[in-house]
Amino acid sequence: MNKTIKIIITIWTLVVIVLAAVVYVANNKEVNVGSNVNVEEKKEGKVEQKGPDRIVMVNGKLYYYTGKESTVGLRCGTMDGKITSNIENTKIPTIDGQSNFKGEFGYQYVGQNTIEVAMNDKWYVFETKEEQDQYSFYGKVIESHQKYMIVEPNEGEDIRKSADKIEVGLGEDNDAIYQVGTNVKITYKGYIMESYPAKVDVVNIELKSAETFEIRFYDNHPESDNKINKISDKTKYGYNIYTYDGSANILINGEEISLRDALLNNKITMEEILQKAEEDLNDKKITGDIYKDGGSKLYKYDNYTIIKCHTLEGNRDVYVGTKDMTLNNVLK
């Protein structure tokens, strides 16, 4: 074999090696991006994933990566379905067969709320929120919007290790406007979506402006001839607050002040009062009713009544009045 042929063979060998390396890196990169769901960290007895949630939508349900590999032994070799499209890892899938990580991987059902996805010759467990544990943290509202708020977790809360700002969704039909500075307890399911601010799937929001309080309603005629008197307008809560045929005070931590002053000075929030009323109704400490006008609610105490409007016309006002007050009295 002459020298020229040897050189040509050497060059072609190098070309083949380089091309093989490029193909390997490209393929491996896609799989790693898709399978970085197995990046995990043990923290105080639970496993938390780093980075954004890895989510798959199957038959209208969102399945979230649990941080676990499958322990299933023998399994059927036929896939129940396949991931066929990908979106950015900071977004949530909206169509079946879509994931927010790269790669087209097969999956199998393992239970009503669990699928396992095959990646890198391993199976990874994805579950719906129904199967996941609940966690909670305490913090303060630092931004308030109609559909979401931003909460700063208190110092010492575990979630603060992930982010110092948490976006808390309030839903499309939310009526509550949480005031900046309000102390809250947030209970959530699943994992922390590590965007910035980070996001969580909220289960419950509790207001903690005051540990104890009590409404005291005085059944007397207001100074004006009008039975209905405004004590707070929409600039603060997004809805008006009224008293009906009397005046309302509130006892907070042993101090009695007017409800108007308490609301204006952030001693208490209307949402906190309404939340307690809902709890009292659920605990059967009081009676109540729901009107067929879109969902207005009535909370009836021994000495006063609270009405939270939720009409089809968009009225969301609140009334605190006599024990016999009805919606017909205030919406004429």
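**Ring pairs, strand order and contacts in the predicted chain**

Tyr 107 is buried, with a relative accessible area of 8% (buried: under 20%; exposed: over 50%; partly exposed: in between; 1.4 Å probe, protein chains only). The model is predicted, so local features need pLDDT of at least 70 and side-chain atom pairs pLDDT 80 or more, while totals for chains, interfaces and linings use all residues. Residues are numbered from 1 along each chain as its sequence is written, and side-chain values use heavy atoms, without hydrogens or water.

At the level of the whole chain, 5 helices and 24 strands are present (DSSP runs of H or I, at least four residues, and of E, at least two, numbered from the N terminus). Of its 332 residues, 43% count as buried. Among contacts between residues at least 6 apart in sequence, 55% join residues at least 24 apart (contact: heavy atoms within 4.5 Å).

Aromatic side chains offer a good way into the fold. A search of the whole structure gives 9 aromatic pairs (ring centres of Phe, Tyr or Trp, the last by its six-membered ring, within 6.5 Å; planes under 30 degrees apart are stacked, over 60 edge-to-face, the rest tilted). In one of them, the ring centres of Tyr 107 and Tyr 109 are 6.3 Å apart and the planes stand at 90°, so this pair is edge-to-face. The two partners differ in their cover: Tyr 107 is buried at 8%, whereas Tyr 109 is partly exposed at 34% relative accessible area.

Tyr 135 and Tyr 188 make a tilted pair, with 5.8 Å between the centres and 45° between the planes. This pair links distant parts of the chain, since Tyr 135 belongs to strand β11 (residues 134–144) and Tyr 188 to strand β14 (residues 183–193), 53 residues apart. Here too the cover is uneven: Tyr 135 is partly exposed at 24% relative accessibility, while Tyr 188 is buried at 4%. Elsewhere, ring pairs join Tyr 65, Phe 101, Phe 105, Tyr 124 and Phe 126 into a cluster.

Strand β14, home of Tyr 188, also takes part in a hairpin that leads to β15 through 4 residues. The two strands run antiparallel and are joined by 7 bridges, and Met 193 stands opposite Lys 199 in β15. Strand β15 (residues 198–207) is joined to β13 as well, here by 3 bridges and in parallel (strands pair if DSSP finds at least two bridges between them). On the β13 side, Glu 167 stands opposite Lys 199 in β15. Lys 199 therefore faces Glu 167 and also Met 193.

Further along the chain, 6 strands form an open sheet of mixed pairing, in the order β17-β18-β24-β23-β22-β21. The edges are held by β17 (228–232) and β21 (287–290); each has a single partner strand, so one side of each lacks a neighbour in the sheet. Neighbouring strands are turned by 20° against each other on average, direction ignored. Within the sheet, β18 (residues 241–244) and β24 (residues 318–321) run parallel and are joined by 4 bridges, with Thr 243 having Val 320 in β24 as its bridge partner. Helix α4 (residues 270–282) lies across β18, β21, β22 (297–300), β23 (305–308) and β24, at about 75° to β22 (axes are lines fitted to C-alpha atoms, for helices over the stretch in contact, with angles from 0 to 180 degrees between N-to-C directions).

Edge strand β17 contains Ser 232, which is buried at 5% relative accessibility. Apart from neighbours within four places in sequence, Ser 232 contacts Tyr 237, Tyr 239, Asn 240 and Ile 241.

Tyr 239 comes up again in two other settings. The charged end of Lys 308 sits over the ring of Tyr 239, 4.7 Å from its centre (NZ of Lys or CZ of Arg within 6 Å of the ring centre and within 35 degrees of the ring normal). Asp 175, in the loop between β13 (166–169) and β14, is 64 residues from Tyr 239 in sequence, with 8.7 Å between their C-alpha atoms. Not counting residues up to four places away in sequence, Asp 175 touches Gln 146, Tyr 239, Glu 271, Lys 308, His 310 and Arg 316. Another charge over a ring involves Lys 276, whose charged end sits over Phe 213 at 5.9 Å from the ring centre.
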